[in-house]
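Student: Could we go through the pockets, cavities and cores of this one, and could you tell me what earns each its label?

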Amino acid sequence: MWTLRVKTPAARQRSSFTRRAALWAAGLAVAGGLSAPGAWAQTPEAYPSRPITLILPFPPGGATDVQIRALAQAASRELGQPILISNRPGVGGTLGPAGMAQTAAPDGYTVSLIAATLFRLPHLMKVSFDPVADFSYLICLTGYTNGLVVRQDAPWKTVQDLLADARRQPGAINYGSTGKGSGGHIAMERLARAAGVQFNFIPYKGMAEETAALLGGHLMVISDPGWGALAESGKARVLATLGESRLKRWPQVPTLRELGHDIVVNSPIGLAGPKGMSPKVVQVLHDAFRKAMNDPGFVRALEQNDQVPLYMSAEDYTRYAAEQTAREKVFVQELGLKLD
């Protein structure tokens, strides 16, 4: 038997409310799905959604610190998120990136400055990282301009004077550079070997510390980049630069190569994250830092230390890292270098 059911006005109201509630709940579910962290994490447009940490493996106050802070400020405007600088000096500029490679998630929220020592150090001593396999290379930025620098009142006016004094006093002349295995350290050891002299090497965490030690009389020679302001102030004298040719701002200063010592230091620096980063995130970071390289503050910071932009894309920088690591192995073996 069929029964005819007639809804009362109250029942009809309850039924209408139920339908509206169901539609409202469905809408919330859809919206919630779109705004869930997992969904956004898979959408390139969602990155970055929080501040990014940039590890700087040198102490604050040095030339690199000034440059990278200017670059980070410009890049943060492109990314729409702050870039926080974390100074983690040590082991020739490799302590910071090595720690990142071991502990940081490959999500694009932790990146590090990469110095050339990273490609050389594994061939000189036991390290905790593989410079080829453990990093996602983002962009190459510039290259350091190394120089041999002494105090203005030092007795040496030329490199020849320095070497002559070193012959008379084996091991008495101490010099500083940013850690064992750095470009400055290797250059001075090559110079000492070629000239038949002996220097006393003292490693530092960065140029700011070296400058203080030089001006305080605790250090006699600096073999590093970042000396421009020191020389301009009249507090230091540059005996030679270690590039391919003389510098525009210092045309009176010879290169080591000009002086008969076939020693050239090329020290590119760039940025990388941990291995396994998403290509889309790599591209976002690359593009932001590429635009930031044109920022007047960054360009001015480079010019103050006689540096020029040295751009490499993520792909080119990755290739360079592999090739340079292989070249450094051959170079270290030929020289018979080894660190304790």
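Tutor: Sure, starting with the second largest pocket: its lining divides into eight nonpolar, four polar and six charged residues. By way of ground rules, this is a predicted model, where local features need pLDDT of at least 70, side-chain atom pairs count only at pLDDT 80 or more, and totals for chains, interfaces and linings use all residues. Residues are numbered from 1 along each chain as its sequence is written, and side-chain values use heavy atoms, with hydrogens and water left out.

Student: What makes a residue nonpolar, polar or charged in that split?

Tutor: Ala, Val, Leu, Ile, Met, Phe, Trp, Tyr, Cys and Pro count as nonpolar, Asp, Glu, Lys and Arg as charged, and the others, Gly among them, as polar. Arg190, Val264, Val265, Asn266 and Glu328 lie nearest the centre of this pocket, out of 18 lining residues. Arg190 and Glu328 therefore go down as charged, Val264 and Val265 as nonpolar, and Asn266 as polar.

Student: Which elements give two or more residues to that lining?

Tutor: Helix H7 (183-195), strand S10 and helix H12 (314-335); H12 has the largest share, with five residues. Helices here are DSSP runs of H or I with at least four residues, strands are runs of E with at least two, and both are numbered from the N terminus.

Student: Why is one space called a pocket and another a cavity?

Tutor: It comes down to whether the probe can get out. On a 1 Å grid over the protein atoms alone, a cavity is a set of points where a 1.4 Å probe fits but cannot get out, while a pocket is an open set with protein on both sides within 12 Å along at least five of seven lines; lining residues have an atom within 4 Å of a point. The search of the whole structure finds two cavities of 30 Å³ or more. The largest cavity holds about 270 Å³, and the second largest has about 30 Å³. A volume is the space filled by probe spheres set on the points, which are joined across faces, edges and corners.

Student: How do you know that Ile186 lines the second largest cavity?

Tutor: Ile186 is listed in its lining along with Glu189, Arg190, Arg193, Leu335 and Leu337, so by the definition Ile186 has an atom within 4 Å of a grid point. H7 supplies the largest share there, four residues.

Student: What lines the largest cavity?

Tutor: Its lining has 24 residues, with Phe58, Tyr144, Thr178, Asp224 and Pro225 nearest the centre. The split is nine nonpolar, 12 polar and three charged.

Student: And which residues lie nearest the centre of the largest pocket?

Tutor: Thr145, Leu247, Asp306, Gln307 and Val308, among 25 lining residues. That pocket holds about 590 Å³.

Student: What makes a group of residues a nonpolar core?

Tutor: They must be buried Ala, Val, Leu, Ile, Met, Phe, Trp, Tyr or Cys residues joined through side-chain atoms within 4.5 Å. Buried means under 20% relative accessible area, with exposed over 50% and partly exposed in between (1.4 Å probe, protein chains only). The largest core has 34 residues, of which Leu113, Leu285 and Phe289 touch the most other members. Each of the three belongs to this core, so each counts as buried. Helix H3 (63-79) is among the elements supplying at least two residues, and H3 gives the most, seven.
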